[in-house]
Amino acid sequence: TPTLPDAPLGTDYALSLAAAGGIAPYTFAVTAGALPTGVVMDAGGNMSGTTTAAGTFNFTVTATDSGGYTGSQGYTVLIQAATLLLAPATLPDGTVGTAYAETITASGGTGPYAFAVSAGSLPTGLVLDGGGGLSGTPTATGTFNFTVTATDSLGQTGDQAYTVAIAAAPPPPPPIV
């Protein structure tokens, strides 16, 4: 097999190598370098597994025929990290004393995802839980800039910057006389 396909991180990788020019059956072995992390190859040349680390993997596979003759082929496989995207792109503003609840989600990686504030500060009175829920009751006015980072189950991260303005509560209506 002259070349092998690249793959995204966290996906199943399965293919079978073939050899020609000798006397079957053939046995296959990795004789230099390393297969992509999470992928294994049996003696029949069948590669399978789930890619668990991004990077460029260089390795050599040697096929041995039933007469003991060998042939080798070098391979380079790129396992590409996924791009994690957080949504929504913006969050609504809030008001002091009024309950606030929004959910931040992630896509593009391998779930489950964990969420955390990685820069700045949330509006006073709000908390971000590990599942992406942003909730609470704002207790102070101001404009709050913060970044939320999502981490997927393979350790990949993505982040999104947010700005949320918290306005003062409106004054109570005048008494009716």
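Which residue in S6 is the bridge partner of Ala29?

1. The model discussed here is a predicted one, and the opening question can be settled from its strand pairing: in S6, Thr62 is the bridge partner of Ala29. The two strands concerned are S3, which covers residues 27-33, and S6, which covers residues 55-64; they run antiparallel to one another and are joined over six bridges.

2. It helps to place this pair in its wider setting, which is an open sheet of four strands, arranged in the order S1-S7-S6-S3 and with mixed pairing. At the edges of this sheet lie S1 (7-8) and S3 (27-33), each of which pairs on one side only. As background, the strands of a sheet are paired through backbone hydrogen bonds, and such pairing may be parallel or antiparallel.

3. Looking at the protein chain as a whole, a student will find 16 strands and zero helices. The chain is more spread out than a compact globule, because its radius of gyration is 27 Å, well over the 16 Å that the globule rule gives for 177 residues. Along the principal axes, its C-alpha atoms fill a box of roughly 105 × 20 × 20 Å.

4. On burial and surface, 29% of the 177 residues in the protein chain count as buried, while the chain exposes about 9300 Å², of which carbon and sulfur atoms supply 58%.

5. Finally, on contacts along the sequence, if one takes those in the protein chain between residues at least 6 apart, then 57% of them join residues that are at least 24 apart.

Definitions and conventions. Residues numbered from 1 in each chain as written. Predicted model: local features only at pLDDT ≥ 70, side-chain atom pairs only at ≥ 80, totals over all residues. Heavy atoms only, no water. Pairing = 2+ DSSP bridges. Rg over C-alpha atoms; globule rule 2.2 N^0.38 Å. Buried < 20%, exposed > 50% of the residue type's maximum accessible area, 1.4 Å probe, protein only. Contact = heavy atoms within 4.5 Å. Areas by Shrake-Rupley, 256 points an atom, 1.4 Å probe, with all protein chains shown as cover.
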